[in-house]
Every structure is written in C-alpha cells, then in structure tokens.
Amino acid sequence: MIRKIYFIILLGFMLIWACDNPLEGFALRFKEPIDKAKLDIRIYNTNGALPAGLTVRFGGADSSLVVTNLNTKKFKLSAEGVMIVAVNPEVIPSAENPIRFSVIVEAPGFTKVVRSLVYTSQANKSLSIPLFSESTAPTGVSASEWKGLNFKANQTFSSSIVGRTTNNQITLLAETVVKDAWQNIITGTWSLVAHYFDQRARGYLPAGGVATNAVDSQGRTVEPFDLPNLAGFVYLEMANELGQTAKTLSKSLYYSMDLSNITQNPQTGKALAVGDIIPIISYDTDTGQWKLFQTYKVEKNTSTGALFVRFEVNTLGYWIAGWPRTICSKGPTFVFKSQLKNVDLVYYCQLIDAQTQKVFREYYLNINDGARFTVTYIPMEVQQVQLKVTALNNYTGGDKTQILGTSATVGLCEDKMLNIDLSKFSTPPAISASFNVVCPAGKTVDLAALPALFRIQISAVGANTWKDLVTLTRTSTSASTYRLLKNVRYDFRASTDGGVTWPYKENSKLIDQSTISYKIEDKSFCK
C-alpha cells in the first residue's frame, strides 16, 4: 500500500533539525520495505570500482518469486553495489516448501558469478560477491572462465597464471553426471569458473583460513586448524544456462595446480620440493565444512621447472594445498568493568605477548559494563598473553597510545575468566536523535501508519565514506548515540527502503547541540 507522507525538512533532508528554518510542503511516496526472507546483496570489484555493464539477474526453480524489498520487479543495483531483494511476501518458505533461486552476476571482462540459495524459513540472509577481472585481478590471483561446456567427451582446459609462464589445467571426464546441493541431477550447457590464488593472496581464503568445522577423509571430526604454510588454492564454480549450480560430480575432474616453491614444508623444515607429500583440503561453501581430503605428491613440470600437484575434485568449491596447524579452540574470556552502558562504539584493543610485550592480535571490542570477549580459534604461537584496551574508537577516534586498562597475564589456551577494570574511563557525551509526529487536537499517533524505519548514516564532510548512525523505527522513535562529536560537521543521508537508496541528504551539518530532533506533520499518521 502506498502512503503519502508530508515532511518538514531542512535543505532537502527528509527530517528537520531543531532550531533551523524548515522548508515546507515536501511530499514523499514510499512502499513499506519487506522485512522477512530478505537477501542483502553486496557486490564489489576486488581491484577497483564497479565495472561498466554490470548486470544482476535471478535464475533457478523459484526465481519468479524473487522481488525487491519494496515488492516490485524493478531490480536495480545501487552505485555502491547494493541490492536488497526478498521472497514474495505472499509465499512463506518452510522445510516443506523450500524456495530455491540463484543470483547471477555478470560484467564484461569479469568471470561470471552464480550463487545458489535456499530459504526454508523467513530468516534473512546476506550475500557478499567479489568480482574478479580476467585481465587485472589482484596480486596473486588469476581468474579464468570457459563457456558452452558439455560432458560428451573428455576435455582439458588451461588457465594462464598472471606473471608466470606456467598454466593450471582442468580435465573434465565424459558422461559425468552433475548434481546440485540437494542431490538433484541437473543438465544443460555449462560455464566453468576457476579462481586460482597463490600464497600472496591468502586473504581470500574462505572463513579467514580458520577451520572451525573440520573433518577427516572419513568424516570424523578433527581439531580446529589454520593454514600458515599455504602453497596455493583454487575456487571452482560451475553453472548451467538456467543458473543452476553444480555441487557434486559422479566422475571427479582433475586439477593441476601450480605451487609456490617458497612455501615452507613444516614436515621437512625446507622449501617445498619435488616428491614432498602435501595435503589437499576442501571447503564446502554451503555448509562451511572443511575436509582433509587426501595427500598428494608434489611433481615438477619438465618444460618449465615449476612445481605442481594434480588432484581429484568431486565437489565444487574451494580446494587448498597446504599443511594444517592445530589451534586453540577456546582461550581466556575477558570481562569489562566500566562506566559505559549501551555505548554504540567499539574500542581498539591489543592482545599482547606477555613475554615480549609485542602485539599478537588486534581487535575492536565492545567495552560496555559487563561485556565479554573470548579468545577463540587462535594459533598457539605464544604462551602467555594480556589484553590492553585503548582510548581509540571506531567513530570519533581517540588516542591509541592511551591505555584504559590491562588484564592480568593468562595462558593463551587457558579457559579462564578475567576482569579488566576500566572504571576510571568516563562515558563519552551522547547525542539524542528522535522524531515526533504532531497530530491535530483530539488525535493520537497511529503507529501502524508510520514508515517501518528511518536508517541514517554519516560521513566525514565530502569523504563519501558512510557509516551507520542510528535507525529509528515506528515503535522506537528516539535513540541515543555516541558516534558524533559536538562542534564537528558531518554529511548526513537517510533511507526508508533498508539502505538500497539514499535520496535524503544534508551536507556539512554542524553538530552544535546535544539533541537532534525531527518533526513530522501529517494527519494521515494520526487516528
């Protein structure tokens, strides 16, 4: 249902700042955003701005049920790479009535991306999609795509490696049966994408390269691990013309992967060499499960002298060559004792090697009174640690050299609770933001008629680096925030569609009071 709202605004902003002269008569028409079974899509170029000609479409069995979060079919990607869609609100996904569809992203010169999703409830999901250029991928990355494939005969494809004379190779076997994640047989004409990463691109490892849900080749649970000795990895994705994605293959494909000869073999203590035995580890992007697949012998290309490993792939996803290292699944828990309550800031903290006083890990943490932080899934590279809390926060800045508090020394893998006393640190000043609906005499506010939310963001003036400030809703029309400094200017913008569009802006607004108030005058919001 479309409602008409009359706002009194300042300089084109949808809300009115107290003590300023408003402009009257501005009208906004909107649809209420869908807030269930949503999909928040974020697309970014791994090496620059979003490319020209970028398209997003939907495929799969239930793609006809995908709508925008305003319940239209007018799909549009924002300039920042954001698109929010949802399952048609007339359909309620369930285990008995799953809704399956794919997000298909294409751009000239970039490898195609197809991501399959299934909704079995009205829970919301998010999807972050990196784009890789076939010609200008990030350092350590090589991206390749082959189209129009079938399984009528054996086929071998070579993919060049940026900066090297060697190639990786993929061999598909004839008469392979392809199944999706739900073990349905799928057919068609296929596209195959391979993203190869050498040891310089370890930042693209799934889940940060930390295996918290791992099994061995027999499916037995193993201890969590990370991958400090990485020789290379590949992401393989295959989809047909309908946007259906392949999951398993009845006949394994073969992948020959170039290996870094500077990688240290922890078993020999030397650089990787011909004849070394290297583990191959898979990562399932649907379940988040790691699997110690098999070990293979390192070989040498007689023409180029390059080291490589050839292994079987029976499931599409990530395949990694490297040695796992056992890590602590759980260490100490730090409990903060402070004056802060409901402060919407996080503070820069350092986990210190107690022996050397060198920084071991860095975090931004919530230090409100009673908040807790547990060290988890961390390599056993030091014995004893301390946690230091600094005065630097993620919005208003501060001094990272000013130490607010330091914990007692504790073992890195010791499951122990420690308090950190921050009571001498004063609560920063708050700014109150609110909106008020003004009704004629004898009328009261009709909450059900109000927009579901006003999402407001800020940026340093002219920087276009936006951060969330507050979200005001029909049932919570005021909020306190500590994310603004008085006597500082900010750019503001606001959205009523969940953050797809930001049509309401005000630049270089000076925060010279402790209260920001917004007034809405419209009798349609009254009853």
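Which element gives the largest share of the lining of the largest cavity? Hold that thought. A word on the model before we get there: it is predicted.

Let's start with the empty space. The structure holds 1 cavity of 30 Å³ or more. Its volume is about 30 Å³.

Who lines it? Take the residues in order along the chain. Lys112 and Val114 come up, then Ser191 and Val193. Glu237, Met238 and Ala239 complete the lining. Two elements give two or more residues each: strand S14, spanning 190–197, and strand S17, spanning 225–240. Back to my opening question. The answer is S17, with 3 residues.

What about the chemistry? By class, the lining has 4 nonpolar residues, 1 polar and 2 charged. Lys112 and Glu237 are the charged residues in that lining. Ser191 is the polar one.

Now the rings. How many aromatic pairs are there? The count comes to 21. One aromatic cluster is worth finding on the screen. Start at Phe132, then go to Phe197 and Tyr204. Phe225, Phe233 and Tyr235 belong to the cluster too. So do Tyr283, Trp290 and Tyr318.

Strand S17 comes up again here. That strand runs 225–240, and the cluster includes Phe225, Phe233 and Tyr235.

Last topic: charges over rings. Which ring does the charged end of Arg100 sit over? That of Trp182, with 4.5 Å to the ring centre. Then there is Lys125. Lys125 lies over the face of Tyr119, and here the distance to the ring centre is 5.1 Å.

That's the tour: one cavity, one aromatic cluster, and charges over the rings of Trp182 and Tyr119.

Note on methods. Residues numbered from 1 in each chain as written. Predicted model: local features only at pLDDT ≥ 70, side-chain atom pairs only at ≥ 80, totals over all residues. Heavy atoms only, no water. Phe/Tyr/Trp six-rings, centres within 6.5 Å; stacked < 30°, edge-to-face > 60°. Lys NZ or Arg CZ within 6 Å of the ring centre and 35° of its normal. 1 Å grid on protein atoms, 1.4 Å probe; cavity = no way out; pocket = protein on both sides within 12 Å on 5 of 7 lines; lining within 4 Å. Points joined across faces, edges and corners; volume = space filled by probe spheres on them. Helix = DSSP H or I, 4+ residues; strand = E, 2+ residues; numbered from the N terminus.
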